[in-house]
Amino acid sequence: MRKPQRLIVASLLGATVLAMAVQSNAQDPQVDAEPTAAAPAAAPLSAAGPVARSTVDRLLLNDATRTGKRIVAVGEHGYAITSDDDGASWQRAVGLRRTMLTSVRFADDQHGWLVGHDGLIAATTDGGSTWKEQRFSPADEEPLLGVFARDASNAIAVGAYGLYLETSDGGATWTDRALVAEGEEDDRHLNAVTAFGGGKLAIVGESGLVKISADNGATWTAATPPYEGSYFGALAIGTDALMIYGLRGQAFVTADAGATWTAAEGSGPVTLLGGGVAADGSVTLVGSAGSVRISRDAGKTFAPLAPAKIAAYSTALPLDPTHALLFGEAGTSVLDLAGAAK
């Protein structure tokens with residue numbers, strides 16, 4: 001087991017997530033039908049049903065993704081919620097214990113995985129309505145922070161202190177694997193893993209960590225980082241390009257799998273935590289202190305936007321050419337893109 005040596009500040013809402021997580025363990029904001037007393041750690045707590053708008057607005061939502069026409073979002077207290085009407089209403093998924101969920105991804109409309117604190121991994125085969133736990137390891141003190149689903153059998157989960165897990169049997173078994181040479185110490189947090197460029201994969205993390213795989217994760221090569229600070233996420237841009245982003249508004253694009261990088265103008269200075277790419281190619285990046293920025297030139301330049309409320313945002317999902325749905329420390333909100341530079 002990797003030995004914790006410092007505070008984990010790389011969960012998707014940055015340094016503030018630790019304080020939020022501590023507070024969330026003490027007080028559950030939800031008002032829907034659910035036991036109010038703390039349940040045993042081993043007992044799954046979530047039960048299907050509508051989630052009140054007032055509850056959604058008080059949730060910390062760390063990540064969200066689309067699977068078909070459905071949106072699936074995950075966050076504190078084991079909340080995995082789904083919407084089939086672009087966020088107008090939400091249903092809570094079944095089968096998850098009350099722990100912080102950090103990332104969710106799907107291989108197809110039905111099959112996906114989510115990950116969270118305490119080494120939690122859970123899988124779904126029905127588009128996120130129900131989840132089955134596959135891994136839970138609180139004694140290791142290694143939260144998982146990112147997940148990638150290649151298909152219904154193959155997935156990768158990454159997390160704190162260099163934790164890298166992979167499955168090739170739909171999650172029946174998860175194998176812990178080192179991404180560094182034998183005897184080499186590397187306990188930097190791995191914050192996100194994503195696909196780009198027609199079969200390539202990228203992992204980004206703490207202290208300038210960027211790793212690229214051209215063979216579906218069989219081997220990984222360290223790329224020279226354009227910035228030595230932490231990266232919290234990555235996005236596939238266009239056909240071949242990759243954007244990485246993180247601390248102090250640093251964002252960079254590579255079109256040659258990390259050999260060279262171009263800085264995105266106008267992306268800073270506030271820490272960037274997530275984002276999304278619309279059907280028209282526009283890129284929205286979000287972060288702390290209500291930071292929302294949009295690019296209409298494949299990530300070369302960004303223009304600021306004013307969100308409906310000031311909050312730390314974890315990600316953005318395009319709704320249509322003029323709107324995006326934001327997720328973060330105050331649930332969800334709709335962003336009007338009309339004010340962005342054309």
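# A chat about a strand-rich chain

Trainee: Quick one to start. Is His117 buried or exposed?
Mentor: His117 counts as buried, because its relative accessibility is 17% and the cut-off is under 20%. Keep in mind that this is a predicted model.

Trainee: Where is the place of His117 in the chain?
Mentor: His117 sits in a loop. Strand S7 (112-116) comes before that loop, and strand S8 (121-124) follows.

Trainee: How far apart are the C-alpha atoms of His117 and Leu145?
Mentor: The separation is 7.8 Å. Along the chain, the two residues are 28 apart.

Trainee: Let's stay with S7. How do S6 and S7 pair?
Mentor: They pair in the antiparallel sense, over five bridges. One of the bridge pairs joins Val104 to its partner Leu114 in S7.

Trainee: How many residues lie between S6 and S7 in the hairpin?
Mentor: Five residues separate the two strands of that hairpin.

Trainee: And how many residues of strand S6 are buried?
Mentor: Five of six. Strand S6 covers residues 101-106, and the strand is mostly covered.

Trainee: Zoom out for me. What does the secondary structure of the chain come to?
Mentor: Two helices and 28 strands. The chain has 342 residues, and 55% of them are buried.

Trainee: What about the accessible surface of the chain?
Mentor: It comes to about 13,800 Å². Carbon and sulfur atoms hold 54% of that.

Trainee: How many contacts join residues at least 24 apart?
Mentor: Start from contacts between residues at least 6 apart in sequence. Of those, 48% join residues at least 24 apart.

Trainee: New topic: the largest nonpolar core. Which residues touch the most other members?
Mentor: Val204, Val210, Ile212, Tyr231, Leu242 and Ile244 do. That core has 14 residues.

Trainee: Which strands each supply at least two residues of this core?
Mentor: Strands S14 (190-196), S15 (200-205), S16 (210-213), S18 (231-237) and S19 (241-246). A second core, of 13 residues, lies apart from this one. Its members include Val56, Leu61, Ile71 and Ala73.

Trainee: Why are nonpolar side chains buried together?
Mentor: That is a general tendency in soluble globular proteins.

Trainee: Pick Val210. What is Val210 in contact with, leaving aside neighbours within four places in sequence?
Mentor: The contacts are Ile203, Val204, Thr221, Ala222, Ala223, Tyr231, Ile244 and Trp261.

Trainee: Now Thr271. Where does Thr271 lie?
Mentor: Thr271 is in the loop that links strand S21 (262-263) to strand S22 (272-277). Thr271 counts as buried, because its relative accessibility is 17%.

Trainee: Which residue has its backbone nitrogen 3.3 Å from a polar atom of the Thr271 side chain?
Mentor: Arg248 does. Arg248 is also among the contacts of Thr271 beyond four places in sequence. The others on that list are Phe232, Gly246, Leu247, Gly249, Gly287 and Ser288.

Trainee: Last topic, the open sheet of three strands. What order do they have?
Mentor: The order is S26-S27-S28, and the pairing is antiparallel. Strand S26 (313-320) and strand S28 (331-336) are the edge strands, each pairing on one side only. On average, neighbouring strands are turned by 25° against each other, with direction ignored.

Trainee: Over how many bridges do S27 and S28 pair?
Mentor: Six. Strand S27 spans residues 323-328. Take Ala324 as an example: its bridge partner in S28 is Leu335.

Key. Residues numbered from 1 in each chain as written. Predicted model: local features only at pLDDT ≥ 70, side-chain atom pairs only at ≥ 80, totals over all residues. Heavy atoms only, no water. Core = buried A, V, L, I, M, F, W, Y, C linked by side-chain atoms within 4.5 Å. Buried < 20%, exposed > 50% of the residue type's maximum accessible area, 1.4 Å probe, protein only. Helix = DSSP H or I, 4+ residues; strand = E, 2+ residues; numbered from the N terminus. Contact = heavy atoms within 4.5 Å. Areas by Shrake-Rupley, 256 points an atom, 1.4 Å probe, with all protein chains shown as cover. Pairing = 2+ DSSP bridges. Axes fitted to C-alpha atoms, helices over the stretch in contact; angles between N-to-C directions. Polar contact = N/O pair within 3.5 Å; in protein donor to acceptor, adjacent residues only side chain to side chain.
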